[in-house]
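Grab a viewer and work through these exercises at your own pace. Try each one before you read its solution.

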Amino acid sequence: INQALSSLFTFGILILASRTLPVNEFGIYSLLVVAMVIFSLAPQAFVLMPMMSMSKDFNTLKPQIYSNLFIFFIFLIVSLGLVVFLYYFNSSLVEKYVSLMPIIFWIISFQFHEFLKRILYIGDMHKETIFYEIVKAVCALVSLTFFFILNEGLNIDDILVGISVGYLCFSLVVIYKIDFFKIPTINPTNNFRKNYA
């Protein structure tokens, strides 16, 4: 059910974008979605998947959560640096369609959403995740409706900010509900070596 809700959210946004954006803008939006998948590969490979593989439950995750978060931050900063570089390198082609700040907001909110969702999986909190996915979808829908009414339509910036609000609401509710950050950590270097192995 979690996966169905998550996929439905993604496909629903794509359908909404295809119905509300002109062809050129939908092409740019589709390119951004594909780029997001590519930029997500490094955090997935070096943080999220090893974190899930090496953690049977919250108790085994707790000693390394801060280390994984630190490594995750490094990859996120590198990804944002590449995004800024690529945006300015192609600014003459894309700046009339999409602004840089909504892209950055979208990347950060999506990546943290993915990080927290893996923690929920490790904690075997699948029923709770269903509720959080519904919160994400409702918040995004409300934001997109607001932008649609305000601007009498949607552009790429509106869509990115709208879904980012959904991801942000998901993250805030998870952080509020689950107390897993007040815990010790291990050395990030050693943790990275384990993840790399």
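**Exercise 1.** Is Phe73 buried, partly exposed or exposed? Work out its ring partner too.

*Solution.* Keep in mind that this is a predicted model.
- Step 1: Phe73 has 35% relative accessibility. Buried means under 20% and exposed means over 50%, so Phe73 counts as partly exposed.
- Step 2: Now take the ring geometry. The centres of the Phe73 and Phe112 rings are 5.6 Å apart and the planes sit at 70 degrees, so the pair is edge-to-face.
- Step 3: Place the two on the chain. Phe73 is in helix 5 and Phe112 in helix 7, 39 residues apart, so to speak a link between distant parts of the chain.
- Step 4: Check the partner's cover. Phe112 is partly exposed as well, at 22%.

**Exercise 2.** Classify the ring pair of Phe46 and Phe75, and find the cluster around it.

*Solution.*
- Step 1: The whole structure has 14 aromatic pairs. In this one, the centres lie 5.2 Å apart with 20 degrees between the planes, which makes the pair stacked.
- Step 2: Distant parts of the chain are linked here: Phe46 sits in helix 3 (residues 41–53) and Phe75 in helix 5, 29 residues apart.
- Step 3: Phe46 is partly exposed at 24% relative accessible area, while Phe75 is buried at 18%.
- Step 4: Follow the ring pairs outward, and Phe46, Phe75, Phe192 and Tyr196 come out as a cluster.

**Exercise 3.** Describe the largest nonpolar core and the contacts of Tyr29.

*Solution.*
- Step 1: The core has 31 residues, and Tyr29, Val98 and Ile156 touch the most other members.
- Step 2: Several helices supply at least two residues each, among them helix 1 (2–20), helix 2 (23–39) and helix 9 (156–177). Helix 7 gives the largest share, 6 residues.
- Step 3: Beyond four places in sequence, Tyr29 touches Ile13, Leu14, Ala17, Leu21, Ile156, Ile159, Leu160 and Ile163.
- Step 4: Don't miss the second, separate core of 19 residues, including Leu48, Leu69, Ile119 and Tyr132.

**Exercise 4.** Compare the cover of His113 with that of Leu82.

*Solution.*
- Step 1: His113, in helix 7, is buried with a relative accessible area of 1%.
- Step 2: Leaving out neighbours within four places in sequence, His113 contacts Glu133, Lys136, Tyr167, Phe170 and Ser171.
- Step 3: Leu82, in helix 5 (residues 65–89), is partly exposed at 41%.
- Step 4: Leu82 joins Phe70, Ile74 and Val78 in a nonpolar surface patch, with about 350 Å² of accessible area together.

Methods
Residues are numbered from 1 along each chain as its sequence is written. This is a predicted model: local features need pLDDT of at least 70, side-chain atom pairs count only at pLDDT 80 or more; totals for chains, interfaces and linings use all residues. Side-chain values use heavy atoms; hydrogens and water are left out. Patches are made of residues with over 30% relative accessible area and no salt bridge: like charges are joined within 9 Å, nonpolar side chains (Val, Leu, Ile, Met, Phe, Trp, Tyr) within 5 Å. Accessible areas come from the Shrake-Rupley method with a 1.4 Å probe; for residues, only the protein chains shown count as cover. A salt bridge is a side-chain nitrogen of Lys or Arg within 4 Å of a carboxyl oxygen of Asp or Glu. Helices (H or I, at least four residues) and strands (E, at least two) are DSSP runs, numbered from the N terminus. Buried means under 20% relative accessible area, exposed over 50%, partly exposed in between (1.4 Å probe, protein chains only). A nonpolar core is a set of buried Ala, Val, Leu, Ile, Met, Phe, Trp, Tyr and Cys residues joined through side-chain atoms within 4.5 Å. Contact means heavy atoms within 4.5 Å. Rings of Phe, Tyr and Trp (its six-membered ring) pair if their centres lie within 6.5 Å; planes under 30 degrees apart count as stacked, over 60 as edge-to-face and the rest as tilted.
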